[in-house]
Amino acid sequence: MTRVALCQIPISHDPKTNLEAARQALAEAGDADLAVFPEATLTRFGRGVTETAEPLDGPFVTGLADAAREFHTAVIAGTFEPGDGRVRNTAVAISEEGELKAAYRKIHLFDSFGARESDLVVAGDAPAVVELAGLRVGLITCYDVRFPELARALVDAGADTFAVIAAWGSGPMKEEHWATLVRARAIENTTWTVAVGQAPNPSASDGFGVGRSMLVDPLGVVRHDLGPGRAVRTGEIDLAFGAEVRATVPSLLHRRPDIFSRPSGEAAPGS
């Protein structure tokens, strides 16, 4: 069993405030092996991210690493790295010893629902699976969850768990999309899924953060749903149960790459 804390916290524009909020959540997480925080834990989205972004050896990620070491809890959280006029929307994975194990740069940018993340963010180009707290975790950031090919690539790279971090925007049907997509990625890949979003911040008017962080098992059962407010809750990931589900529902083994990896219109060999 791996104990995972879903740390659904509100995020402000001030990195120091957010780092302290993360430390408080880690203290509340108790004996968790892994704590997952939202996308953009460094600072709220907005044009100010280009000034607030920090390198991975800057005070925010260093502070997270110190906290991971102090509480002996691995951490996944969202930050922004500076770039050439824009930033990278980066998920960092830090071991319980405080070692930076992976940095995933968000591949799919939220140019949707009237927003244009690409005005501020440079897209990444490489999926990431990291060994953390006894798990092989595939990293997914917010809008990425709408793209099943990313989750499938992570499973092909050995992921037994997905960590989906988000600053999900509010709006008509948006919360329904979030809950449905998170469960769909778990079901179609028979994979444990830890999905953590920002809690709403009453002082912000940008609409980012609807809460609804969830721990979903490989059958799509929601083991925990944190609702709309600030919350820290710990659940258990049982990889033996995941293996049992994959044996019972072997959909990954039943894939047909001989058909679906061919370019459209190309006939099968021998046909």
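Which residue in S12 does Val 4 stand opposite? Gly 235. Hold on to that pair; we will come back to its sheet. One caution before we go on: this is a predicted model.

Let's start with the sheet that holds Val 4. Six strands make an open sheet, in the order S5-S4-S3-S2-S1-S12. The pairing is mixed. Strand S5, residues 100–105, is one edge, and strand S12, residues 231–237, is the other. Each of these two pairs on one side only. From neighbour to neighbour, the strands of this sheet are turned by 30° on average, direction ignored. Now the S1 and S12 pair. Strand S1 covers residues 2–8. Seven bridges join S1 to S12, and the two run antiparallel. Val 4 opposite Gly 235 belongs to this part of the picture.

Next, the other sheet. It is open as well, with six strands in the order S6-S7-S8-S9-S10-S11. Again the pairing is mixed. Why is one side of S6 and of S11 left without a neighbour in the sheet? Strand S6, 129–132, and strand S11, 222–225, stand at the edges, so each has a single partner strand. The twist here averages 20° from one strand to the next.

Let me walk through S6, S7 and S8. S6 and S7 pair antiparallel, over four bridges. They form a hairpin with two residues between them. Look at Ala 133 in that turn: its phi is positive, about 55°. Val 129 has Gly 138 in S7 as its bridge partner. Now follow Gly 138 to the other side. There, Gly 138 stands opposite Phe 162 in S8. S7 runs over residues 135–141 and S8 over residues 161–166. These two pair in the parallel sense, over five bridges. One more contact on that seam: Leu 139 has Ala 163 in S8 as its bridge partner.

How many of the seven residues of S7 are buried? Six, so S7 is mostly covered.

On to the helices. Helix H4, residues 148–156, lies across S6, S7 and S8. H4 runs at about 160° to S7. Helix H5, residues 174–189, lies across S8, strand S9 (192–197), strand S10 (214–216) and S11. H5 runs at about 25° to S10. S8 appears in both lists: H4 lies across S8, and H5 does too.

How do H4 and H5 pack? Their angle is about 40°, with the axes 10 Å apart. H4 and H5 are therefore oblique to each other. The crossing is right-handed. On the H4 side of the contact, we have Pro 148, Ala 151, Arg 152 and Val 155. They meet Arg 185, Glu 188 and Asn 189 in H5.

Last item, the cysteines. How many disulfides does a search of the whole structure find? Zero. A disulfide is a covalent bond between the sulfur atoms of two cysteines. Take Cys 7. The closest cysteine sulfur to its own is in Cys 142, 17 Å away, so that is too far for a bond. The cut-off is 2.5 Å between the sulfur atoms. From the Cys 142 end, the closest cysteine sulfur is that of Cys 7, again at 17 Å and too far. Buried or exposed? Cys 7 has 0% relative accessibility, so Cys 7 counts as buried. Cys 142 is at 8%, and therefore counts as buried too.

Notes:
Residues numbered from 1 in each chain as written. Predicted model: local features only at pLDDT ≥ 70, side-chain atom pairs only at ≥ 80, totals over all residues. Heavy atoms only, no water. Pairing = 2+ DSSP bridges. Axes fitted to C-alpha atoms, helices over the stretch in contact; angles between N-to-C directions. Contact = heavy atoms within 4.5 Å. Buried < 20%, exposed > 50% of the residue type's maximum accessible area, 1.4 Å probe, protein only. Parallel < 35°, antiparallel > 145°, perpendicular 65-115°, else oblique. Left-handed = near helix turned anticlockwise from the far one by under 90°.
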